[in-house]
Amino acid sequence: MELHCPNCQNALEQSERGAHCSTCHQDYAVEARCPDCHQPLEVLKACGAVDYFCRNGHGLISKKRVEFTLQPH
């Protein structure tokens with residue numbers, strides 16, 4: 001997953017808190033959303049794998065289909 005800064009379009013660096021733009025010096029929270037209903041997904045982590053689950057009836061969502069949104073910190 002490569003995310004880009006909404007201000008300058010440079011690639012964001014992943015951090016513990018989400019993502020960081022080294023050009024704009026802005027931190028972002030990254031939220032996974034369902035590609036069907038656009039609601040936040042539940043992140044399931046087990047044995048090093050990350051899966052996404054939609055509580056709104058769409059079940060498990062492949063990480064290739066997840067929509068990631070950015071919110072400034």
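Two strands count as paired if DSSP finds at least two bridges between them. Strands themselves are DSSP runs (E, at least two residues), numbered from the N terminus. With those terms in hand, welcome to the tour.

A word on the model comes before the stops. This is a predicted model, in which local features need pLDDT of at least 70 and side-chain atom pairs count only at pLDDT 80 or more, while totals for chains, interfaces and linings use all residues. Residues are numbered from 1 along each chain as its sequence is written, and side-chain values use heavy atoms, with hydrogens and water left out.

**Stop 1: the whole protein**

Show everything as a cartoon. You will find seven strands and zero helices, following one another as β-β-β-β-β-β-β along the sequence. The C-alpha trace spans about 40 × 30 × 20 Å along its principal axes.

Of the 73 residues, 22% are buried (under 20% relative accessible area with a 1.4 Å probe, protein chains only; exposed is over 50%, and partly exposed lies in between). The protein exposes about 5,100 Å², by the Shrake-Rupley method with a 1.4 Å probe. Carbon and sulfur atoms supply 47% of that exposed area.

**Stop 2: the four-stranded sheet**

Now select β1, β2, β3 and β7. They form an open sheet in the order β1-β2-β3-β7, with antiparallel pairing. β1 (13–15) and β7 (67–72) each have a single partner strand and stand at the edges, so one side of each is left without a neighbour in the sheet. From one strand to the next, the twist averages 40 degrees (axes are lines fitted to C-alpha atoms, and angles run from 0 to 180 degrees between N-to-C directions).

Zoom in on residues 26–33, which make up β3; six bridges join this strand to β7. To see one of the partnerships, pick Y28 and look for P72 in β7, its bridge partner.

**Stop 3: the three-stranded sheet**

Next, select β4, β5 and β6. Here the open sheet has the order β4-β5-β6, again with antiparallel pairing. Its edges are β4 and β6 (59–61), each with a single partner strand, so one side of each has no neighbour in the sheet. The twist in this sheet averages 40 degrees from one strand to the next.

Which strands form a hairpin with two residues between them? They are β4 and β5. Strand β4 covers residues 42–46 and β5 covers residues 49–54, with five bridges between them. In the turn, C47 has a positive phi of about 55 degrees.

**Stop 4: L44 and its patch**

Stay in β4 and pick L44. Its bridge partner in β5 is D51. Is L44 buried or partly exposed? L44 counts as partly exposed because its relative accessibility is 34%.

Add F53 and L60 to the selection: with L44 they form a nonpolar patch on the surface, with about 260 Å² of accessible area together. Patch residues have over 30% relative accessible area and no salt bridge, and nonpolar side chains (Val, Leu, Ile, Met, Phe, Trp, Tyr) are joined within 5 Å, like charges within 9 Å. A salt bridge is a side-chain nitrogen of Lys or Arg within 4 Å of a carboxyl oxygen of Asp or Glu.

**Stop 5: D36 in its loop**

Finish in the loop between β3 and β4, where D36 is found. D36 has a relative accessible area of 40%, so it is partly exposed. Leaving aside residues up to four places away in sequence, D36 touches H58 and R65 (contact means heavy atoms within 4.5 Å). Select G57 too: D36 and G57 are 21 residues apart in sequence, and their C-alpha atoms are 9.9 Å apart in space.
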